[in-house]
Amino acid sequence: MVKGTQTGTQTDFDGKFKITASQGQKLVFSFLGMKTQEASASSTTLNVKLQDDSVQLEGVVVTAFGIKRNPKDLGYSVSSIKAAELTENSEPDLIRSINGKVAGVNVNVSSGVAGAASQITIRGVSTFNGDTQPLIIVDGISYDNSSVETSSQVTGGGGYESALSSLDPNDIASVNVLKSAAAAALYGSRASKGVIVITTKSGSGSLKKGKKLSVNVGTGTYFENIANLPTYQNTYGAGTNFNIGNTNGSWGPRFDSLATIPTWPNLLDAFPELGPTVPFVAKPNNVKDLFKTGVVLDNTVGLNYSGQDGGFNVTISDLAQDGYIPFNTYDRTSISVGGNFKLANGLTLGGNMSYSDTKQIGGFFGENQFAGASSSFARTLLLARNWDLSLPYVNPKTGASVIPNAGWDHPLWSWENDQIITNTTRTVAGLNMSYKFTDKISASYRVGFNRYSLSRRQIRDIGSRADGGLGSLTTDDFINEDIESTLLFNFDYKLSDDIGFSAILGNNVLQNNNSRIGFSGKQFNVPDVFTLRNTLNVASLVDEKAQNRNVGVFVDATFSYKEFLFLNATARNDWSSTLPKNNNSYFYPSVSASLIVTDALNIKSDVLTFAKLRGGFAKVGSDAAAEFLNLTFRSGDAFNSNPVIGNNTVFSDPKITPEFTEEFELGTDLEFFRKRIVVDLSVYKKTTSDLITPITTATTTGFDTFNTNSGAVENKGIELGLTLVPIKTDNFKWSLFTTFTRNINKVTEITAGLERYALDANEIGYVQVGQPFGVFYGTRFARDEQGNYLINESGGGIIQDRTPGIIGDPNADFKMSFMNTLSYKGFSLRTQFDWKQGGDIKSSTIESLLGRGVTRDTEDRERTFIIPGFYGNNDGTPILDGNGNKIPNTTQISMNELYFSPAGGNTFGINSTDESGVYDGTVFRLREINLTYDVPAKLLEKTPFGQISFSLIGSNLWYFAPNVPRYTNFDPETTSYGSSTLQGIEVSSAPTAKRYGFKLNLTF
């Protein structure tokens, strides 16, 4: 640009340019990510080489609606994740790959089931009901990341996949996380929980200078095992009180006290050839041998063309995951095509299409004690130490499971016969166009279609403990369709030599349609035909459709002063079809500013080389769910061949208003010693009010639930990203990147007259005023004023407090990740070590491992124990002696009673208070390790290859949880509720997995 004028141009693909200027005039050269330079128009040929800015080119971030901006200009927090960090690991799931890489982003992993969903939140949970996860935008089109749950995770659900699992990580070009409300405000009501902006290779349309056509082939093979098993005791067998018995617990005699025992009746009846007796010996590997070494095969082929006028990309990938649990698989096949081209008339036209197909096969999990339930992990980790599950387990007459006693199904039989089979497809198509009217004004338009369909069959085979052994089939079919368009007008002006102005005017329209239909069939007529027609009784479970539309208009304006002071303001107004007509329009603004201190004060220092202060405020609205106000009659199951019609059980407030989130953020970005030390620090306070909440009502009203504005929640915290480069030479570089996240969550308001309510009627997660979201509330031990246990005098167990109370908090105190990278010539070694401090867990597996006496925690049992405390009355008051003093407990109990509650009291395992199963979830973890060798370019000069790299990769290879019982080896990341709001609770779930293997990348 000619300085002081409106005359400007831009370079072509090779960096060449033409411009008319007078002798001596100044030419200003600028490019995103490079330092702006000036040169005099002194000759007809001018060569200018731009230098790297203090923010590197790869630091350019994609913000709302795909707008690329320089991070130094931003007054809010945005974080980027390189594509290689997501693919150079052995994790097939995108959400799990993000874990620990961005401060302020929290990922709760669920289980080791192949394809199982995980929960992701940004800056805490900010709603009571519905989806707590951020908005996912892929190439300008929203992706729903909800998990369709067909059955309760408590009474027999599966490790259900999330919708985002259909996205192929191999096609990802970049990931940008908009953490603050100011950064996400332009996206409207969907963005109140943050935004993750993903640009794919097929959707980016980026040009790669110097490259015309390239082909990339990647193949990875990884082996998968259960991350850890309990350390079992192999001294005592099945029974009680040191006597042999056909029981679930291993509280029986020592193995060296008996030579043989009677063959269990179930086994003898099914297999008489086993004989009347069997050796009474330990089976040290009876649990381990149920599992296998799984394999993950990940293959991808990519084709990229780039030229001066445009480019396109094609990516084809196939993932085949055979999990460590037998008969548990997850497969994904995907293809994506896209490109952008600039036409002769100046119009840039682009489009992208993608299709993915997934199939997940897995078992049932959850609590086995509910009537009609059957969990594949009911006894899997708790096997009596002499049970031999390698014996035949299929009854030759009935085909049912054969186990030593009763009340559960053989795990191998369950995994093979009781299965959840889920097929999904996702079809995405997008069209985009842009036109530059002048150097200052341009416009762009994008429209996209996203269709996600799920078809699921849940099979309970004949002979299963579930459904009385008669068999059942549940079908669940779900379709979600989004059509979204965005129109942008861009303005970029230099108001003077010092003041710049840019603005965006836009319109966004989103229409969502979804439908769901499900049926349940009970009692198969003939075996091995798993259709509804083959069941005796068929019932409709769900048959519903919903549609909603949101229209928004918005403006984004930025002023700059001498390229060191930036002020940005946004405003958006939405109209939502899910809100009442009088309240369906809502407005929300944001404002942010950044000051580059080093430029403003002209600081020229080799110590402090860059310093920026930033701050912002934003208000974001959020509407209600589709068909929220739709009050209709509901058709029920026929009674005596007569139709049944009644009220819907849910009534929604006709005067409902939007939820609103207000957030203040302050931060700084500092660089020392020319990026040898980089600091990214943010503090924030976010308050969400008028939360739309379901309230339980008296059935006399004719409804079960009333939805209304009735709550508020506050999140405040600190986020730190710290980069250190201790050593940097021509051949060697050592860099460390550390993230620190601390978020304090508090529920500040719920419905008047209501102190708390449960997130799930069968669990201990609650919403309670003055407490963090999801706090554990339940039965607890009685204590005196000093916190000492009150002991039942006769039994020696702890008395149960008559009043339930707060017994835990699943939210972590803080999380830290340490990413260490060592590079030497063509070798690079990268590790990620995570530390989660606090965050309580409630585990039925730990309770059962202790209560059944199978781990080494219970091995030293030939002695008695005294629980520290004082004797107490059943009303929770201490018993006093004649002098008015409390009486210390001296009642001895056995180890069996220590973990299997005695009469009149509670201890620390089975049949105790809710509190007994709550543990601190602190955990240290080696999340990732990667050793890569890049073949030197000189060795490839006479080959068809442009690049060759080979990697050895491991994930979740080690963890240590210091505050769970030592020999349970329990991983606090194991939970049961996937991506739902209920976190920190584990109910007979599958342990996490570890993987190790190799990956080869070839570029032609």
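**Exercise 1. Find where F242 sits, and work out which accessibility class it falls in.**

Step 1: Look in the loop between strand 13 (239-240) and strand 14 (243-244), and you'll find F242 there. Strands here are DSSP runs of E with at least two residues, helices are runs of H or I with at least four residues, and both are numbered from the N terminus. A quick note before going on: this is a predicted model, where local features need pLDDT of at least 70, side-chain atom pairs count only at pLDDT 80 or more, and totals for chains, interfaces and linings use all residues. Residues are numbered from 1 along each chain as its sequence is written, and side-chain values use heavy atoms, with hydrogens and water left out.

Step 2: Check the backbone. Phi of F242 is near 70 degrees, which is positive although the residue is not glycine.

Step 3: Assign the class. Buried means under 20% relative accessible area, exposed over 50%, and partly exposed in between (1.4 Å probe, protein chains only). F242 has 40% relative accessibility, so it counts as partly exposed.

**Exercise 2. Do the same for N956: what is its phi, and is it buried or exposed?**

Step 1: N956 belongs to strand 51 (residues 947-960).

Step 2: Its phi is near 55 degrees, again a positive value in a residue other than glycine.

Step 3: With a relative accessible area of 10%, N956 is buried.

**Exercise 3. List what S520 touches outside its own stretch of sequence.**

Step 1: Place S520 in strand 24 (residues 499-524). At 8% relative accessibility, S520 is buried.

Step 2: Apply the contact rule, heavy atoms within 4.5 Å. Skipping neighbours within four places in sequence, S520 is in contact with L473, T474, L532, N537, V538, A539 and L541.

**Exercise 4. Sort the side chains of strand 27 by face, then find the strands that pair with strand 27.**

Step 1: Start from the general rule. In a regular strand the side chains alternate between the two faces of the sheet.

Step 2: Apply it to strand 27 (residues 585-596). Y586, Y588, S590, S592, S594 and I596 point to one face and are buried. S585, F587, P589, V591, A593 and L595 point to the other and are not buried.

Step 3: Pair the strands, which takes at least two DSSP bridges between them. Strand 26 (residues 565-576) runs antiparallel to strand 27, joined by 11 bridges, and W575 stands opposite S585. Strand 28 (residues 608-622) also pairs with strand 27 in the antiparallel sense, over 7 bridges; there, K612 is the bridge partner of I596.

**Exercise 5. Describe the largest cavity: its volume and its lining.**

Step 1: Get the terms straight. On a 1 Å grid over the protein atoms alone, a cavity is a set of points where a 1.4 Å probe fits but cannot get out, and lining residues have an atom within 4 Å of a point. Points are joined across faces, edges and corners, and the volume is the space filled by probe spheres set on them.

Step 2: The structure holds 10 cavities of 30 Å³ or more, and the largest takes up about 760 Å³. Its lining has 50 residues, with N106, N108, P810, A812 and K815 closest to the centre.

Step 3: Strand 43 gives the largest share of that lining, 6 residues.

Technical notes
1 Å grid on protein atoms, 1.4 Å probe; cavity = no way out; pocket = protein on both sides within 12 Å on 5 of 7 lines; lining within 4 Å.
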